[in-house]
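Please work through the exercises below with the sequence and the model open side by side. Each task is followed by a solution that goes step by step.

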Amino acid sequence: MEYTYIGNRGILFTFNELNKEPYYCITNVYVIVGKKNYFVCDTYLGKYYINKIKEFLESKYGKKNYIVFNSHSHWDHIWGNSEFKDNLIVSHEKCREFIKLYGEQEIKKNPDFIRDEVELILPNITFQKEISFEEEGLIFFYSPGHSEDSSSCYDIIDNTLFVGDNVDDPIPSSMCFNNLSIYLDTLKKYLELDVDRVIQSHGPEIDNNVIRENALYIRNLIDGKKIIFNESEVERKHQENIDFLLSI
Ligand SMILES: [Zn+2]
């Protein structure tokens with residue numbers, strides 16, 4: 001586990017377990033150190049990893065209450081929920097529904113990434129549009145794009161945006177929601193916030209330029225433009241997106 005301080009009160013914890021076949025990506029858990037609460041954005045692969053984060057936080061900042069946010073229902077973002085059974089776990093209502101529907105299937109599909117036994121714990125408070133923690137300067141809001149159940153965290157105090165899997169550098173990847181105009185609306189909304197920094201789930205801190213590039217890519221897909229990338233890895237991600245869009 002590596003960690004990076006972000007702005008005045010964010011810490012990005014980065015893990016490498018998915019950095020091998022077939023995913024080849026790092027994965028982040030983003031924590032905002034609030035006045036009374038630690039806000040944990042996504043819970044990665046289980047309690048072993050979450051305990052490392054908790055140890056780090058408590059040794060540095062002492063005991064605080066934990067509030068968890070699930071950006072969406074995908075397995076690599078929620079398996080550590082079991083370490084927060086007695087805490088608030090916040091998500092969009094569709095995220096809860098999708099964990100219920102597909103959570104067990106996803107465990108079966110990814111046995112190589114199970115370290116402790118996975119116990120699926122559902123979010124226990126859901127929202128439709130958004131939910132605010134006024135005293136802590138945080139808003140969690142619905143932002144469908146990468147998936148239909150995706151939502152984001154906006155830190156008003158630090159002007160930082162956590163986007164989960166909705167933004168990737170240089171193009172969106174592993175798309176699993178085919179309503180591209182809704183995806184584009186989400187990216188436009190991100191740009192309207194005019195944040196100082198953007199935190200994604202599978203890469204380092206980025207800025208609004210990457211959101212702009214992602215939006216242009218989605219625009220081009222909507223317009224049916226022929227898109228070719230010189231870099232083979234990016235072309236591969238693009239082909240995966242095309243295959244997904246053609247499969248439904
Ligand atoms: Zn995902």
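**Exercise 1: Charges over rings**

Task: In this predicted model, find which ring lies under the charged end of Arg 115, and which ring face lies under Lys 54.

Solution: Begin with Arg 115, whose charged end sits over the ring of Tyr 48, 3.5 Å from the centre of that ring. Then turn to Lys 54, which lies over the face of Tyr 66 at 5.2 Å from the ring centre.

**Exercise 2: The zinc site**

Task: Identify the donors of the zinc ion, and decide how the geometry of the site is to be classed.

Solution: First, list the coordinating atoms, which are NE2 of His 72, ND1 of His 74, NE2 of His 146 and an OD atom of Asp 165, at 2.2 to 2.3 Å. Second, place these donors along the chain, where they follow the spacing H-x1-H-x71-H-x18-D. Third, consider the angles among the four donor atoms, which run from 89 to 174°. Four donors count as tetrahedral if all angles lie between 85 and 135 degrees, and the upper value of 174° does not meet that condition. The site is classed as irregular. Finally, check the accessibility of two of the ligands: His 72 is buried, with a relative accessible area of 0%, and His 74 is buried as well, with a value of 17%. The cut-off that applies to both is that buried means under 20%.

**Exercise 3: Aromatic pairs**

Task: Describe how the rings of Tyr 44 and Tyr 49 are arranged, and then how those of Trp 75 and Trp 79 are arranged.

Solution: A search of the whole structure finds 22 aromatic pairs. In one of them, Tyr 44 and Tyr 49 lie 5.0 Å apart from centre to centre, with 75° between the planes, an arrangement that is edge-to-face. Tyr 44 is buried at 1% relative accessibility, and Tyr 49 is buried at 5%. Trp 75 and Trp 79 form a pair with 5.1 Å between centres and 50° between the planes, which is tilted. Both Trp 75 and Trp 79 are buried. Ring pairs also link a cluster made up of Tyr 30, Phe 39, Phe 69, Phe 133, Phe 140 and Phe 162.

**Exercise 4: The open sheet**

Task: Explain why β8 and β12 each have one side without a neighbour in the sheet.

Solution: Start from the order of the five strands, β8-β9-β10-β11-β12, which form an open sheet with mixed pairing. Because β8 (130-133) and β12 (197-200) stand at the edges, each has a single partner strand, and one side of each is left without a neighbour. The twist averages 15° from one strand to the next. For β8, the partner β9 (residues 138-142) runs antiparallel and is joined to it by four bridges, including the one that pairs Ser 132 with Ile 139.

Notes. Residues numbered from 1 in each chain as written. Predicted model: local features only at pLDDT ≥ 70, side-chain atom pairs only at ≥ 80, totals over all residues. Heavy atoms only, no water. Pairing = 2+ DSSP bridges. Helix = DSSP H or I, 4+ residues; strand = E, 2+ residues; numbered from the N terminus. Axes fitted to C-alpha atoms, helices over the stretch in contact; angles between N-to-C directions. Donors = N, O, S within 2.8 Å, 3.2 Å for Na, K, Ca; no water. Tetrahedral: all angles 85-135°; square planar, octahedral: opposite > 155°, others 65-115°. Buried < 20%, exposed > 50% of the residue type's maximum accessible area, 1.4 Å probe, protein only. Phe/Tyr/Trp six-rings, centres within 6.5 Å; stacked < 30°, edge-to-face > 60°. Lys NZ or Arg CZ within 6 Å of the ring centre and 35° of its normal.
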